[in-house]
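Colleague: Could you take me through the salt bridges in this protein, one pair at a time? I would like a close look at where the partners sit and whether they are buried or exposed.

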Amino acid sequence: MQFCIALQFASNVRVPPLDGEFRLFMKYDKEIALRRTFAIISHPDAGKTTLTEKLLLFGGAIQVAGAVKSNKIKKHATSDFMEIERQRGISVATSVMSFEYDGTLINLLDTPGHKDFAEDTYRTLTAVDSVILVIDSVNGVEDQTRKLVEVCRMRDTPIIVFVNKLDRDGKFPFDLLDEIEKELKLSLHPLSWPINMGKEFKGVYNLYDSSLNLFTANQKSTEENTVPIPDLDDPILDAKIGERDADQLRDDVDLLQGVYGPLDEHKYLEAKICPVFFGSAVNNFGVKELLDTFIRVAPAPQGRDTDTRHVAPNEDKFTGFIFKIHANLDPRHRDRIAFLRVCSGRFSRNTYYKHTRLEKEVRFANPYSFLAREKDVIEEAFPGDVVGLFDTGTFKIGDTLTEGEKMQFTGIPVFSPEIFKELVNKDPMKTKQLEKGVNQLTDEGVAQLFTQHDGHRKIIGCVGELQFEVIQYRLLQEYGASCTFVPLSFYKACWVTGEKKALEDFMRFKQNNIMKDKDGNPVYLAQSEWFLNTERQNNPKIEFHFTSEFKTAMKD
Ligand code: G4P
């Protein structure tokens, strides 16, 4: 079942008009072909950090195990702000990890483990071209997994599944595949198959290169541990894993080949099929196979949609968007780091680009890369790369940079928060500081701000309680403004659109529940699901959206 990869973007290459430009096209295609930009996602504790660390070890980006782990935000911290503060600084460094492996430049974008920062994860997923989804073989599909897969589905992001912790007694592999397929509505395609699990775990059979990988705890896959067995009837299989397990494997593989056949890579790239690997991250088992296959099959940097047209990665002109903003660790310095995903062309240092929302020219003297060993100012970057830009408050999430073309990248939606609280200013002398702080923090995407009465009433919407504590703490530390929060019992925020007159009537009628988001779009805050359904029935001309992604259409 050998498969090989063809370069995905060949179809994107336009016929260039001039010789000079032709060379440019060729150059970008090569740069694009070299890159893979992805994220690892999982429910907390499934093994994302451990897998990340092993990948970085393979890439030579870190030298010792534990380097990433010691940096991650404590998953169970609820109010240890100093810890959050400390980690914020470090997590800038670990937010994007770029390294080279086997001639491929890999950009691995980190996503926070804590569920209260889920919005941050969703936004990061807009900047990747594929994901590796880690599933704990003992726990199977968990809550966060469902949400994350939904977000991938919105953008048709190709997914490779890594079933982790085979060294523990988990669910039976066929049952697990069934569960993942049913619960996550994914079509799977196993590329490796485990031989037992827990104490009996003997290794995996690699279906794609017909080899047996024998399990030894805490070791890189070595040549001695990898035995090519193109014909499973070969008695060498019995010699390696024993007759009983060899027979079981033969039966399993027979079944798998009957059900799945060879992998159709196009279906993977179209996000219609997810290759599956089995292994044990903590034992570094199955990780190299995953990485080797990943760089072969995963998509190179892909194009992105804007409000005016689709942008292909190998267009000659630079475009990019901001998907994450990170506050400075040092409260005396308000500058922040904006994370730019390059979408097309070449980004160059000290060059003027158009900030399309503000319609102004911006230039960056010290853009930096996240290459592990040289966290340095860079001269240029290419599609798929993430560039760190020092920002003094000009950016908010979703902002677009171009060489002059007026466009805005889409597909960076804001989702309805789950907890709503009214912000009360405790120190009227510091009103200005509070306004500024709230504006900047919400630009960063820490929380969402909804306002009423010309901004005098402020409602903060978050995904988790922890974010409110972070806001309160940061407003005080960084802006000298103190506030409290009054809990409100809203269920969801829905962006509302519809025919002009119907919308105006609805907004007048429901004025107590209508707020404005930061862009001035009307949002209906529903007290409960029942209220929302009732309003839906009573107002057939109004559409209620749980994400902000329709925004442009609404402004028309
Ligand atoms: P996360 O980032 O997805 O939240 O998970 P993380 O890698 O932190 O892993 C969660 C726990 O699962 C860790 O144990 C980790 O060592 C363990 N783990 C990861 N991969 C495997 C595996 O293949 N097999 C087994 N048995 N365990 C695995 P911990 O006790 O929470 O942390 P630590 O004390 O090991 O650092």
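Modeller: Happy to! Let's begin with Arg35 and Glu31, which are both buried. In this predicted model, their side chains form a salt bridge, with an N to O distance of 2.8 Å.

Next comes a pair made by Lys421 and Glu465, whose side chains meet in a salt bridge at 2.9 Å, N to O. This one links distant parts of the chain: Lys421 belongs to strand β22, residues 419-425, while Glu465 belongs to helix α12, residues 465-479, and the two are 44 residues apart. How buried or exposed is each partner? Lys421 counts as buried because its relative accessibility is 12%, and the cut-off for buried is under 20%. Glu465, with a relative accessible area of 38%, is partly exposed.

Helix α12 also takes part in another bridge, through Arg474. The side chain of Arg474 meets that of Glu444 in a salt bridge of 3.0 Å, N to O. Glu444 lies in helix α11, which covers residues 431-444, so this pair ties together parts that are 30 residues apart in sequence. Both Arg474 and Glu444 are buried. They also have further company: Arg336, Asp391, Glu444, Arg474 and Glu478 are linked in a network of salt bridges.

Now for the wider setting of these pairs. A search of the whole structure finds 40 salt bridges. The protein has 15 helices and 29 strands, and 56% of its 556 residues are buried. Of the contacts between residues at least 6 apart in sequence, 72% join residues at least 24 apart. About 24,400 Å² of the protein is exposed, with carbon and sulfur atoms supplying 51% of that area.

Since you asked about what is buried, the enclosed spaces may interest you too. The whole structure holds four cavities of 30 Å³ or more, and the largest has about 60 Å³ of space. Ten residues line the largest cavity, and those closest to its centre are Ser42, Pro112, Thr121, Gln144 and Leu148. Helices α4 (118-125) and α5 (143-154) each supply at least two residues of this lining, and α4 gives the largest share, three residues. By character, the lining of the largest cavity comprises four nonpolar residues, five polar ones and one charged.

How values were computed: Residues are numbered from 1 along each chain as its sequence is written. This is a predicted model: local features need pLDDT of at least 70, side-chain atom pairs count only at pLDDT 80 or more; totals for chains, interfaces and linings use all residues. Side-chain values use heavy atoms; hydrogens and water are left out. On a 1 Å grid over the protein atoms alone, a cavity is a set of points where a 1.4 Å probe fits but cannot get out, and a pocket is an open set with protein on both sides within 12 Å along at least five of seven lines; lining residues have an atom within 4 Å of a point. Grid points are joined across faces, edges and corners, and a volume is the space filled by probe spheres set on the points. Helices (H or I, at least four residues) and strands (E, at least two) are DSSP runs, numbered from the N terminus. Ala, Val, Leu, Ile, Met, Phe, Trp, Tyr, Cys and Pro count as nonpolar, Asp, Glu, Lys and Arg as charged, and the others, Gly among them, as polar. Buried means under 20% relative accessible area, exposed over 50%, partly exposed in between (1.4 Å probe, protein chains only). Contact means heavy atoms within 4.5 Å. Accessible areas come from the Shrake-Rupley method with a 1.4 Å probe; for residues, only the protein chains shown count as cover. A salt bridge is a side-chain nitrogen of Lys or Arg within 4 Å of a carboxyl oxygen of Asp or Glu.
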